[in-house]
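The report below goes through one protein chain and the ligand bound to it. Please keep the sequence and the structure at hand while reading.

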Amino acid sequence: MKFLTKMGNYIGGIEFSAGYRWQHWIRAISIFILIATGFYIADPFVTYANVSIDPTRFTQGYFREFHIIAGFAMTADVLYKTIFFFFFREGKFERESLKDAFNIKVAIQQVGYYMLLSKHPHTKGVYNPLQFWAYFALYVFFYGVIITGFTLYAEVYHQGLGGFLYPFAKFIETLVGGLAYVRLWHHIFMWGIIVIVMIHIYMAVFNAVFNKNGSMDAIFSGEKWEKEDKEDKE
Ligand code: HEM
């Protein structure tokens with residue numbers, strides 16, 4: 001990390017680039033919209049006192065429209081982050097985490113740190129082994145929800161992208177045993193995402209409280225803070 005600013009005994013440096021922060025927040029907002037609209041699509045609950053036989057309100061249609069818009073944003077975002085991990089120069093620090101991914105000793109020490117029993121282990125990359133595998137599972141769920149989401153999409157929209165994806169959607173539908181199961185898997189992947197997002201928010205607060213270096217601020221401002229006497233690790 002290159003240290004650029006100084007405030008009291010603390011020096012700050014860029015931890016996350018603008019591109020990294022944009023992809024994080026676009027993903028966070030789109031996931032929130034997808035969960036909210038997804039729950040509605042699954043079990044529509046808005047009813048009107050003055051029911052009309054004319055098709056004028058399209059409540060379910062609007063929920064679906066926002067679901068699909070957020071779904072496209074999230075898909076683009078997940079693809080960007082995947083390319084970032086494998087090919088970007090900045091992604092090197094994430095790729096380095098693979099070196100610790102199978103290190104049981106580091107994993108146990110990390111559990112000790114979370115239980116406030118031991119110090120934070122020294123890690124080669126930005127993610128400790130527990131974090132690495134949690135994010136790995138998150139991407140399995142992301143791609144799961146995207147594949148089943150586009151399968152549902154192609155069943156409804158038969159032209160353009162839907163038409164293009166139709167043979168692939170039919171393949172997925174047959175693979176899982178029918179459209180009802182595509183829907184079921186879409187739900188299962190959603191719940192996987194919900195569990196990991198909840199753990200992610202808890203861990204971000206935990207680190208902000210016990211490891212006071214502005215790691216939570218960094219995803220907003222880009223800057224992280226360290227005590228001045230610490231060595232620049234780069
Ligand atoms: C975090 C990501 C996502 C979550 C939490 C989510 C959640 C849901 C839920 C709960 C449903 C209702 C299924 C039902 O019981 O009928 C649904 C439906 C649907 N989702 Fe997603 N979804 C996500 C991503 C996507 C993506 C990436 C797409 C791709 C375009 C997509 C397209 C659809 C479509 C087309 C439907 C069916 C709408 C309908 O039946 O009218 N979803 N989603």
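## Overall pattern

What pattern does the chain follow when it is read along the sequence? The order is β-β-α-α-α-α-α-α-α-α-β, and the chain accordingly holds eight helices and three strands. The model described here is a predicted one, and the values that follow should be read with that in mind.

Of the 234 residues of the chain, 16% count as buried. Among the contacts in the chain with a separation of 6 or more, 61% are made by residues that stand 24 or more positions apart.

## Helix α2 and the helices it packs against

Helix α2 covers residues 59-87, which is 29 residues. At 1.5 Å a residue this helix should span 42 Å, and because its end C-alpha atoms do lie 42 Å apart, the expected and the computed lengths agree. The buried residues of α2 are H67, A70, G71, M74, D77 and K81, and these buried residues pack against α1, which runs over 18-42, and against α5, which runs over 129-156.

One pair of residues illustrates how α1 and α2 are placed. A36 belongs to helix α1, and its C-alpha atom is 8.6 Å from that of H67, although the two residues are 31 residues apart in sequence. H67 is among the buried residues of α2, whereas A36 is partly exposed, because 13 other C-beta atoms lie within 10 Å, a count that falls between the 12 or fewer of an exposed residue and the 20 or more of a buried one.

## The shell around the ligand

Which residues are the closest to the ligand? They are G38, A42, G71, G149 and M190, within a shell of 25 residues that surround the ligand. G71 has already appeared as one of the buried residues of α2. At least two residues of this shell are supplied by each of α1, α2, α5 and α7, the last of these spanning 179-210. By residue class, the shell divides into 16 nonpolar, seven polar and two charged residues.

## From α6 into α7

Helix α6, made up of residues 160-176, has 17 residues and reaches 25 Å from its first C-alpha to its last, which is close to the 24 Å expected at 1.5 Å a residue. The helix nevertheless bends by about 50° at Y166, and a proline, P167, follows within four residues. Just after α6 comes G177, which takes a positive phi of about 100°.

L179 is found in helix α7. Leaving aside its neighbours within four places in sequence, L179 is in contact with E155 and E173, and its C-alpha atom is separated by 7.8 Å from that of L152, a residue 27 residues away along the chain. L179 counts as partly exposed because it has 14 C-beta neighbours inside 10 Å. Farther along, I188 also has its place in helix α7, and the C-alpha atoms of I188 and F141 are 8.6 Å apart in space, with their positions 47 residues apart in sequence. I188 is partly exposed, because 14 other C-beta atoms lie within 10 Å.

## Loop residues

Is F58 buried or exposed? With 10 C-beta neighbours inside 10 Å, F58 counts as exposed; its place is in the loop between α1 and α2. Most residues other than glycine have a negative phi. F58 has a positive phi of about 55° although it is not a glycine. L116, which lies in the loop between α4 (104-114) and α5, is another residue other than glycine with a positive phi, in this case near 60°. L116 is exposed, because only 8 other C-beta atoms lie within 10 Å.

A101 is found in the loop between α3 (92-95) and α4. When its neighbours within four places in sequence are left aside, A101 is in contact with P129 and F132. The C-alpha atoms of A101 and T123 are 9.8 Å apart, and the two residues are 22 residues apart in sequence. A101 counts as partly exposed, because it has 18 C-beta neighbours inside 10 Å, where 20 or more would be needed for a buried residue.

Technical notes. Residues are numbered from 1 along each chain as its sequence is written. This is a predicted model: local features need pLDDT of at least 70, side-chain atom pairs count only at pLDDT 80 or more; totals for chains, interfaces and linings use all residues. The expected span of a helix is 1.5 Å times one less than its number of residues. Two residues are in contact if their C-beta atoms, placed from the backbone, lie within 7 Å. A residue is near a molecule or strand if its C-beta atom, placed from the backbone, lies within 6 Å of it. Ala, Val, Leu, Ile, Met, Phe, Trp, Tyr, Cys and Pro count as nonpolar, Asp, Glu, Lys and Arg as charged, and the others, Gly among them, as polar. The bend at a residue is the angle between axes fitted to the seven residues ending there and the seven starting there.
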